[in-house]
Amino acid sequence: MKSSKRLFGKTSDGREVYAYTITNGKISAEILDFGATLRSIYVPDKNGNTADVTVGYDDFAPYETSTAYEGKTVGRYANRLSGGRFEIDGREYNVEKNENGVTCLHGGGEFSFNFWKAENFSDSTVTFSYESEDGAFGFPGKMDAAVTFTVTERNGIEIRYRASADKDTIINFTNHTYFNLAGKGDILCHLLKINANAFTPTDKMNIPTGEIKSVASTPMDFREFKVIGRDIGSDYEQLVNAGGYDHNFCLIGEKGQMRAVAEAYDTVSGRRMTVYTDLPGVQLYTGNFIERRTGKGGRENYKNCGFCLETQYYPDTPNQKNFPQCTFRAGEEYKSATVFEFSAD
Ligand code: BGC
């Protein structure tokens with residue numbers, strides 16, 4: 001197996017979208033230059049049968065508009081900013097309020113719905129770079145960002161981010177891949193473990209209340225393996241408000257230190273995924289708002305057909321002073337890595 005590049009489709013205004021496939025000879029991943037979108041990951045099951053373990057589409061069109069952010073690289077500030085605003089040193093910045101005209105979600109979509117430039121493409125790795133203008137979507141500072149996808153020897157998809165801006169700004173990147181280790185159906189029977197003793201409860205607008213709450217004796221407890229569907233329908237305000245899991249978990253371990261933070265397992269295929277990151281949080285999102293439509297290879301996409309583990313700084317960081325902060329000074333480098341590692345047993 002070798003890396004390859006192919007024309008994947010065209011935007012509605014005729015620009016060509018390319019897909020880059022990288023591989024280590026055992027697993028492979030395909031990334032689009034539009035949105036630096038991780039479109040597929042092919043992984044063998046316990047019998048050696050390979051399937052795509054991500055949710056997405058055969059054609060480009062949905063990737064141009066889908067608000068579910070399938071596979072997208074998300075920046076400059078992933079997740080929500082309450083009131084679409086924040087302050088740095090007392091100066092207020094008003095950014096895109098792309099969610100009901102009230103909150104900013106996923107930085108307004110800038111990094112997810114624009115072209116990135118592919119660089120350093122080889123068998124197992126590809127880098128995409130993007131330049132965001134000073135003031136784009138309301139954020140301060142011209143930013144140079146790059147994301148490198150690498151298929152590791154240990155069957156991981158490593159995603160390495162690097163960014164800096166020429167003014168003080170906030171930086172929070174994530175990847176929005178929906179995983180389904182069975183390669184079909186829904187994910188309610190997947191087992192999941194998250195190394196978090198606490199989570200950040202949210203209000204009806206999905207904005208953190210500021211509380212850091214213990215997961216003990218709540219349906220948010222994933223400290224031991226639990227079937228995702230077990231408690232998802234509980235009469236627990238947090239789950240009712242969000243229509244399922246859509247919450248940030250406060251990861252055990254030091255920010256900046258790479259460690260295993262979550263593991264998912266599908267008992268039928270035997271596929272297992274371990275997530276490593278150096279970030280302080282992870283958003284478990286169970287695809288609560290996915291609209292029913294035809295996905296890859298005729299597969300139906302619908303509510304709970306995949307789950308995201310979006311490694312991140314906690315949501316609404318700059319407006320929540322007790323959360324680990326992600327304000328980066330002019331010229332200061334943001335660097336972070338997340339690995340989704342696969343095996344089968
Ligand atoms: C958010 C969800 C949102 C989804 C797609 C997730 O990161 O937490 O609330 O629906 O992204 O935009």
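Trainee: Where is the place of His106?

Mentor: In this predicted model, His106 belongs to the loop between β10 (104-105) and β11 (117-119).

Trainee: What makes the phi of His106 worth a remark?

Mentor: Most residues other than glycine have a negative phi. His106 is not a glycine, yet its phi is positive, about 55°.

Trainee: How do you know that the peptide bond joining Gly75 and Arg76 is cis?

Mentor: Look at omega, which is about -15° for that bond. Most peptide bonds are trans. As for its place in the chain, Arg76 is found in the loop between β6 (73-74) and β7 (80-81).

Trainee: Let's turn to the ligand. Why is His106 counted among the residues around the ligand?

Mentor: A residue earns that place because one of its heavy atoms lies within 4 Å of the ligand. His106 is on the list, and so are Thr67, Ala68, Tyr69, Arg80, Leu105, His176, Asp246, Gln283, Tyr285, Phe289 and Glu310. By class, this shell has 5 nonpolar, 4 polar and 3 charged residues.

Trainee: Why is the pair between Arg80 and the ligand called a polar contact?

Mentor: Set the distance against the cut-off: an N or O atom in the Arg80 side chain is 2.8 Å from an oxygen atom of the ligand, and the limit for such a pair is 3.5 Å, so the pair qualifies. The same reasoning covers two acidic partners, with a ligand oxygen 2.5 Å from a polar side-chain atom of Asp246 and a ligand oxygen 2.6 Å from a side-chain N or O atom of Glu310.

Trainee: How much of the ligand does the protein bury?

Mentor: The protein buries 96% of the 310 Å² that the ligand exposes when taken alone.

Trainee: How do you know which space the ligand takes?

Mentor: The test is that more than half of the molecule's atoms lie within 2 Å of the grid points. By that test, the ligand takes the largest pocket, which holds about 600 Å³ of space. Thr67, Ala68, Glu99, Leu105 and Phe289 are closest to its centre among the 31 lining residues. The lining divides into 10 nonpolar, 13 polar and 8 charged residues.

Trainee: What lines the second largest pocket?

Mentor: Its lining is Ala182, Lys184, Asp186, Cys189, His190, Asp266, Thr267, Val268 and Ser269, and by class that gives 3 nonpolar, 3 polar and 3 charged. The second largest pocket has about 170 Å³ of space.

Trainee: Why is one space called a cavity rather than a pocket?

Mentor: A cavity earns its name because a 1.4 Å probe fits inside but cannot get out, whereas a pocket is open. Searching the whole structure for cavities of 30 Å³ or more finds 1, and the largest cavity has about 30 Å³ of space.

Trainee: What makes up the lining of the largest cavity?

Mentor: Asn79, Arg80, Thr200, Thr202, Asn206, Asp246, His247, Asn248, Gln283 and Pro315 line it. Strand β21 (residues 246-251) gives the largest share, 3 residues. Sorted by class, the lining has 1 nonpolar, 7 polar and 2 charged residues. You have already met Arg80, Asp246 and Gln283, which are also around the ligand.

Methods:
Residues are numbered from 1 along each chain as its sequence is written. This is a predicted model: local features need pLDDT of at least 70, side-chain atom pairs count only at pLDDT 80 or more; totals for chains, interfaces and linings use all residues. Side-chain values use heavy atoms; hydrogens and water are left out. On a 1 Å grid over the protein atoms alone, a cavity is a set of points where a 1.4 Å probe fits but cannot get out, and a pocket is an open set with protein on both sides within 12 Å along at least five of seven lines; lining residues have an atom within 4 Å of a point. Grid points are joined across faces, edges and corners, and a volume is the space filled by probe spheres set on the points. Ala, Val, Leu, Ile, Met, Phe, Trp, Tyr, Cys and Pro count as nonpolar, Asp, Glu, Lys and Arg as charged, and the others, Gly among them, as polar. A polar contact is a pair of N or O atoms within 3.5 Å; within protein, one must be able to donate a hydrogen and the other to accept it, and residues adjacent in sequence count only if both atoms are side-chain atoms. Accessible areas come from the Shrake-Rupley method with a 1.4 Å probe; for residues, only the protein chains shown count as cover. Helices (H or I, at least four residues) and strands (E, at least two) are DSSP runs, numbered from the N terminus.
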